[in-house]
Amino acid sequence: MIAFPNCKINLGLNILEKKEDGFHDLETFFFPINIHDVLELLPSKENTTLLTTSGILFEEPETNICLKAYLLVKKDYPDLPAINIHLHKAIPLGAGLGGGSADGVAALQLINKKFGLNISSARLFAYASKLGSDCPFFLLNKPCFASGRGETLEPMKLSLSGYKIIVVNPGIHLSTTEAFKDIIPSMPKKRIKEIIRQPIDTWKKELVNDFENSVFKKYPDVLQIKKELYEKGAVYAAMSGSGSTVYGIFKHNSIIKYTANAGYFYKIIKSD
């Protein structure tokens, strides 16, 4: 059984407040995009659950979120048989695209379907929340305003059908935990939900990502990508999540001449 988990970009991200439990209240807008990993579940011949990988290499596959998803379900369904999980990574790592979260949710959904567990939507949401703050979004996988830690979701209509999206990642792996250390929470003058309803050509002046300042200071290459996307005619460009991916939104008839540096991940997406 195979799934093709897709990732997302963040349209704006405001860090509003740090809570007593150490987590942050934030607001952002999740928008799904068509860059995919491949996840396959296979029967286990040795009665041991095992994860194998291909594509982009990453460390410590034994701690991968797909295995965590399996073990989470196994606690409530002890008769769940062992499986082999193969993950082909195409979504860049530590990139602010939520690729790992998407993989974990896809694992939950495949396990539920493959073994006929009939897990309720509410329980799937609870499992996803335990895996990560932005995991619940991938259960909906549609444009959503997100608040709280990212798990409080409000689907909103937003179409980018008249645009192309360029996604560029410089191969810099950023830790979300580290990114939060340099953030000073504050309340924005205008909330993201309001800005998103405005014409896209107004976003450049008002829709911000609070992680950008600290990331750009440490990694000027990320800032340079954003500048280049605007120079090439982007209507709006920003870093996604805690970085290091930067995306640009271009009008559908734009002739784009952008050459990514060697080692960069680069993709043009025609938004549906």
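## Strand 11, tucked inside

Let's start with strand 11, which spans residues 246–251: five of its six residues are buried, so the rest of the structure largely encloses this strand. Keep in mind that we're looking at a predicted model here.

Strand 11 has pairing partners worth a look. Strand 9 (residues 163–169) runs antiparallel to strand 11, and six bridges link the two. Strand 10 (residues 236–239) is also antiparallel to strand 11, this time with four bridges. V246 turns up in both pairings: V168 stands opposite V246, and so does M239. As a bit of background, strands in a sheet pair through backbone hydrogen bonds, in either a parallel or an antiparallel way.

## The hairpin and a look across to helix 9

Strands 10 and 11 make a hairpin with six residues between the strands. If you're checking backbone torsions, G241 is the one to pull up in that hairpin, with a positive phi near 55 degrees.

Over in helix 9 (residues 220–231) sits Q224. Its relative accessibility is 36%, so Q224 counts as partly exposed, given that the partly exposed class falls between 20% and 50%. How far apart are Q224 and V246 in sequence and in space? They're 22 residues apart along the chain, and their C-alpha atoms are 9.8 Å apart.

## A four-stranded open sheet

Now for another part of the chain. Four strands come together as an open sheet with mixed pairing, in the order 1-4-6-5. Strand 1 (2–3) and strand 5 (50–55) are the edge strands, each pairing on one side only.

Strand 4 (residues 38–43) pairs with strand 6 (residues 83–89) in the antiparallel sense, over six bridges. For a concrete pair, take L39, whose bridge partner in strand 6 is L87.

## Helices lying across the sheet

Two helices lie across strands of this sheet. Helix 1 (residues 65–76) lies across strands 4, 5 and 6, and runs at about 150 degrees to strand 6. Helix 2 (residues 99–114) lies across strands 1, 4 and 6, and its direction makes an angle of about 35 degrees with strand 4.

## Helix 3 and its two sides

Which residues of helix 3 (residues 121–131) are buried? They are L124, Y127, A128 and L131. These residues cover an arc of only 100 degrees around the axis, so they end up on the same side of helix 3. Flip to the other side of helix 3 and you'll find A122 and K130 exposed.

As for what covers the buried residues of helix 3, the cover includes helix 1, helix 2 and helix 4 (137–140). Helices 1 and 2, then, help cover helix 3 as well as lying across strands of the sheet.

## The chain as a whole

Zooming out, the chain has nine helices and twelve strands. Its radius of gyration is 19 Å, close to the 19 Å that the globule rule gives for 272 residues, so the chain is as compact as a globular protein of that length. Along the principal axes, the C-alpha atoms fill a box of roughly 55 × 40 × 35 Å.

Buried residues account for 50% of the 272 residues. Among contacts with a separation of 6 or more, 74% are between residues 24 or more positions apart. On the outside, the chain exposes about 13600 Å², with carbon and sulfur atoms supplying 51% of that area.

Note on methods
Residues numbered from 1 in each chain as written. Predicted model: local features only at pLDDT ≥ 70, side-chain atom pairs only at ≥ 80, totals over all residues. Heavy atoms only, no water. Pairing = 2+ DSSP bridges. Contact = heavy atoms within 4.5 Å. Axes fitted to C-alpha atoms, helices over the stretch in contact; angles between N-to-C directions. Buried < 20%, exposed > 50% of the residue type's maximum accessible area, 1.4 Å probe, protein only. Arc of directions from axis to C-beta. Rg over C-alpha atoms; globule rule 2.2 N^0.38 Å. Areas by Shrake-Rupley, 256 points an atom, 1.4 Å probe, with all protein chains shown as cover.
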